[in-house]
Amino acid sequence: MLGMIDEFRDEFSQRGMELFAPTVRQTMSEEELIELLPNYDGWIIGDDPASSRVLEAGAAGNLRALVKWGIGTDNVDFDAAQRLGLPISNTPGVFGKEVADLAMNYVSGLARQSFRIDREIRQDNGWPKPAGISLAGKTASLVGFGDIGRNTAKRLLAADMNVQVYDPSYAPFEGLNVQPLSWPEGLDKADFIIFTAPLNANTRHMFNPDLLPVVKLGVRIVNVGRGPLIDETALIEGLADGTIHSVACDVFENEPLPFDSPLRAYPDNIFGSHNGSNTADAVSRVSHRAIELIDGFLNQ
């Protein structure tokens, strides 16, 4: 939203709201937020730490309402908001197709090593021809079957892949012929493991070093969910001993990806910048919804 903020200024004005848009790379710190928030009536939250400390400081000042932009809520203390009497909502079910598009792009990119080919042509004037793998007939283990997961499954099935699904809230979905399993059942058959799940106490580090002896040799791993779903030491160990062929991550345990991360050493890996939902169409759609919600809270 911040990257397109000028598009929304008129709507704030028309609704009688004065907009403040900070200049940040990814998030603001708790200390910055504690100093800033008491001056404002409403907060549209990005990936910033909306912790109990932050919300208490805001509520002690002018803060009266919150909207979490997007679908991920792991950075927001909803219990604290409720305790402080701050109305709050996110914008659920809005990015399924966009994030699924990126997930499928990563699956194809890992299969055909197309990102590595591009880099070598650009950087070294090379002309590499690595033999990739076909997607048809391969098995994908898909973690999460919400809006993003279902849209990802649709794309995997269109590529003639077999799809295993892991979600404690799984329910059949018309037109999606997938196989529901209990984690980590069936990982020994998976050519790809794709994470689309939210982060919570049950999903944190669900992929960890204990699973390396379980997975299929040469597995490719994609994460478009949340970074801490994966214990990155497992990726590093698995890449080092060849258990994992390559990984594609839009999200990481520490963001931005540290310059000294061992993940950078493997040329077939693909890195994103926590940007999976960022299309102009989706940002516009969700931002207008967030403005509508914050206006409704402040004027109820």
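I'll start with a helix. Helix α9, residues 280-298, lies across β1, β2 and β3, and its direction is about 160° to that of β2. Keep in mind that this is a predicted model.

The three strands under discussion form an open sheet in the order β1-β2-β3, with parallel pairing. Its edge strands are β1, residues 42-45, and β3, residues 88-90, and each of these pairs on one side only. From one strand to the next, the twist averages 15°. Between β2, which covers residues 65-68, and β3 there are three bridges, and the two strands run parallel. To give one register point, K68 has N90 in β3 as its bridge partner.

Next, the other sheet. Seven strands make up this open sheet, ordered β6-β5-β4-β7-β8-β9-β10, and here too the pairing is parallel. At the edges stand β6, residues 179-180, and β10, residues 270-271; each has a single partner strand, so one side of each has no neighbour in the sheet. Helix α8, residues 232-241, packs on the sheet and touches β8, residues 219-223, as well as β9; the directions of α8 and β9 make an angle of about 145°. Elsewhere in the sheet, strand β4, residues 139-143, is joined to strand β5, residues 162-166, by five bridges, and the two run parallel. For the register of that pair, A140 has V163 in β5 as its bridge partner.

Now one residue from β9. Strand β9 spans residues 244-249, and S246 sits in it. Is S246 buried or exposed? S246 has a relative accessible area of 0%, and the cut-off for buried is under 20%, so S246 counts as buried. Its side chain makes a polar contact of 2.8 Å with the side chain of H245. Leaving out residues up to four places away in sequence, S246 touches L110, V219, R220, I221, L239, D268 and N269.

L110 takes us to the last item, helix α5, since L110 is one of the buried residues of α5. Helix α5 runs over residues 96-112, 17 residues in total, and reaches 24 Å from its first C-alpha to its last, close to the 24 Å expected at 1.5 Å a residue. Why call α5 largely enclosed by the rest of the structure? Because twelve of its 17 residues are buried. Among them are G96, E98, V99 and A100 towards the start of the list, and G109, L110 and A111 at its end. After α5 comes Q113, which has a positive phi, near 55°.

That is what I have; I'll take questions.

Notes
Residues are numbered from 1 along each chain as its sequence is written. This is a predicted model: local features need pLDDT of at least 70, side-chain atom pairs count only at pLDDT 80 or more; totals for chains, interfaces and linings use all residues. Side-chain values use heavy atoms; hydrogens and water are left out. Two strands pair if DSSP finds at least two bridges between them. Helices (H or I, at least four residues) and strands (E, at least two) are DSSP runs, numbered from the N terminus. Axes are lines fitted to C-alpha atoms, for helices over the stretch in contact, and angles run from 0 to 180 degrees between N-to-C directions. Contact means heavy atoms within 4.5 Å. The expected span of a helix is 1.5 Å times one less than its number of residues. Buried means under 20% relative accessible area, exposed over 50%, partly exposed in between (1.4 Å probe, protein chains only). A polar contact is a pair of N or O atoms within 3.5 Å; within protein, one must be able to donate a hydrogen and the other to accept it, and residues adjacent in sequence count only if both atoms are side-chain atoms.
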